[in-house]
Amino acid sequence: LEPLGKLVSMEMGKILPEGVGEVQEYVDICDYAVGLSRMFERKVIPSERPNHTLLEMWNPLGTIGIISAFNFPVAVYGWNNALSMV
């Protein structure tokens, strides 16, 4: 946390606790995303056709693009990146 927090602090002109806080926020959202990955479920949907079943399966594309605020370069990117990696 400290080296990356210092880097964010130097690059963005933030005070050190804010830089470290941004990196910590990325770590926290990664922890949330790991837990979320265990909760994906597939839905089985009845079909109007006899002897057929519909299955809902996720097929995500991943990160396409992220528009981030200049004053939160790590946290906003992390929210999008961590959830899209799941």
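Reader: What makes Glu 22 and Lys 14 a salt bridge?

Author: Happy to walk through it. In this predicted model, the closest N and O atoms of Glu 22 and Lys 14 are 2.6 Å apart. The cut-off for a lysine nitrogen and a glutamate carboxyl oxygen is within 4 Å, so the pair qualifies. The structure holds one salt bridge.

Reader: How do you know whether Glu 22 and Lys 14 are buried or exposed?

Author: Buried means under 20% relative accessible area. Glu 22 has 3%, so Glu 22 counts as buried. Lys 14 has 13%, and therefore Lys 14 is buried as well.

Reader: Which residues does Val 8 touch, leaving aside its neighbours within four places in sequence?

Author: Both salt-bridge partners are there: Val 8 is in contact with Lys 14 and Glu 22, and also with Gly 13, Gly 19, Val 23, Pro 73 and Val 74. Val 8 also belongs to the largest nonpolar core, together with Val 23, Tyr 26, Ile 29, Ala 33, Val 74 and Ala 82. Helix H2 gives the most to this core, with four residues.

Reader: Tyr 26 caught my eye. How many aromatic pairs does a search of the whole structure find, and why is the pair of Tyr 26 and Tyr 77 called edge-to-face?

Author: The search finds one aromatic pair. The ring centres of Tyr 26 and Tyr 77 lie 6.4 Å apart, and pairing asks for centres within 6.5 Å, so they pair. Their planes stand at 90 degrees, and over 60 counts as edge-to-face, so that is the name. The pair links distant parts of the chain: Tyr 26 sits in helix H2 (residues 16-37) and Tyr 77 in helix H3 (residues 75-85), 51 residues apart.

Reader: Why is Tyr 77 called partly exposed?

Author: Tyr 77 has 37% relative accessibility. Partly exposed covers the range between the 20% and 50% limits, so the label fits Tyr 77. Leu 54, in strand E2 (residues 53-56), has 42% and therefore gets this label too.

Reader: What does Leu 54 contact, beyond its neighbours within four places in sequence?

Author: Leu 54 is in contact with Lys 43, Val 44, Ile 45, Pro 46 and Ser 47. Leu 54 and Lys 43 are eleven residues apart in sequence, and their C-alpha atoms are 8.2 Å apart.

Reader: And what makes Leu 4 exposed?

Author: Leu 4 has a relative accessible area of 51%, and exposed means over 50%, so Leu 4 qualifies. Leu 4 is found in helix H1 (residues 2-12). With Leu 7 and Met 10, Leu 4 makes a nonpolar surface patch of about 340 Å².

Notes
Residues are numbered from 1 along each chain as its sequence is written. This is a predicted model: local features need pLDDT of at least 70, side-chain atom pairs count only at pLDDT 80 or more; totals for chains, interfaces and linings use all residues. Side-chain values use heavy atoms; hydrogens and water are left out. Patches are made of residues with over 30% relative accessible area and no salt bridge: like charges are joined within 9 Å, nonpolar side chains (Val, Leu, Ile, Met, Phe, Trp, Tyr) within 5 Å. Accessible areas come from the Shrake-Rupley method with a 1.4 Å probe; for residues, only the protein chains shown count as cover. A salt bridge is a side-chain nitrogen of Lys or Arg within 4 Å of a carboxyl oxygen of Asp or Glu. Helices (H or I, at least four residues) and strands (E, at least two) are DSSP runs, numbered from the N terminus. Buried means under 20% relative accessible area, exposed over 50%, partly exposed in between (1.4 Å probe, protein chains only). Rings of Phe, Tyr and Trp (its six-membered ring) pair if their centres lie within 6.5 Å; planes under 30 degrees apart count as stacked, over 60 as edge-to-face and the rest as tilted. A nonpolar core is a set of buried Ala, Val, Leu, Ile, Met, Phe, Trp, Tyr and Cys residues joined through side-chain atoms within 4.5 Å. Contact means heavy atoms within 4.5 Å.
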